[in-house]
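I opened a fresh page today to look up the charged side-chain pairs in this protein. Here are my notes, in the order I made them.

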Amino acid sequence: MRDNPLKTKLARGETVFGTFVFEFASPGMARIAKSAGCEYIILDMEHSGWGFETVKDQIQFARGAGIVPLVNPPGDDFNLITRSLDLGAKGILVPVVETKAQAEAIVRATRYPPHGRRGSAFGVELVFGGSGGDGVGGTGVAHGDDVAALLESFDEGFAGEGLREAEGRGEER
């Protein structure tokens, strides 16, 4: 399993910088972001026409540039989450998470049994550099504790295993 420098920095209370990328599937995009000071790149499948082939290439370009690849899948479907991670994403940013049950299902999708329901494939971890072990150590559902989350649109504050207590999310939008 490759380590996730974003999780290490965030655990120390440090700030990390990155960018959200969509539509510009240039092989040089990750190098440009790295040169601009970014430590991560969020590959957007939600607002773009990108499919998994494009994201797979961009993840590898990011690895080559020394920048952490994250993926914003177009929803919370189990297969969208696990496939993004299997391709080598070091974390995911899931849009429109509205309930505790939905958030817990997302976390379970990022973890291998007995902590979750993510499946494994021989060679995927080695070839694409995804998270290994129990799916906890290197994977982020975004930022925070052992599996964490930059989760949008809560309709309730909650804390759960792998999720950080939603602080300040109760205010009006």
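I started by fixing my terms: a salt bridge here is a side-chain nitrogen of Lys or Arg within 4 Å of a carboxyl oxygen of Asp or Glu. I also noted that I am working from a predicted model.

**Entry: the overall layout**

I looked up the secondary structure before the pairs, and the protein has six helices and four strands. Following the chain along its sequence, I wrote down the order α-β-α-β-α-β-α-β-α-α. I then checked burial, and 45% of the 173 residues are buried. For the surface I noted about 8600 Å² exposed, with carbon and sulfur atoms supplying 52% of it. Among contacts with a separation of 6 or more, 56% join residues 24 or more positions apart.

**Entry: the salt-bridge search**

How many salt bridges does a search of the whole structure find? I got five, and I followed up three pairs, starting with Glu 39 and Lys 9, then Arg 118 and Asp 86, and then Lys 100 and Glu 104.

**Entry: Glu 39 and Lys 9**

The closest N and O atoms of Glu 39 and Lys 9 are 2.5 Å apart. This pair links distant parts of the chain, with the two positions 30 residues apart. I found Lys 9 in helix H1 (residues 5–11), while Glu 39 sits in the loop between helix H2 (29–35) and strand E2 (40–44). Lys 9 counts as partly exposed because its relative accessibility is 24%, and the partly exposed class lies between 20% and 50%.

**Entry: Arg 118 and Asp 86**

Next I looked at Arg 118, whose side chain meets that of Asp 86 in a salt bridge at 2.9 Å, N to O. These two are also in distant parts of the chain, 32 residues apart. Asp 86 belongs to helix H4 (residues 78–86), and Arg 118 to the loop between helix H5 (100–110) and helix H6 (124–128). Is Arg 118 buried or exposed? Its relative accessibility is 1%, so I put Arg 118 down as buried. Asp 86 has 22%, so I listed Asp 86 as partly exposed.

**Entry: Lys 100 and Glu 104**

My last pair lies within one helix: Lys 100 and Glu 104 are both in H5, four residues apart, or about one turn. Their salt bridge spans 3.9 Å from N to O. Lys 100 is partly exposed because its relative accessibility is 30%. Glu 104, at 28%, is partly exposed too.

Notes
Residues numbered from 1 in each chain as written. Predicted model: local features only at pLDDT ≥ 70, side-chain atom pairs only at ≥ 80, totals over all residues. Heavy atoms only, no water. Buried < 20%, exposed > 50% of the residue type's maximum accessible area, 1.4 Å probe, protein only. Contact = heavy atoms within 4.5 Å. Areas by Shrake-Rupley, 256 points an atom, 1.4 Å probe, with all protein chains shown as cover.
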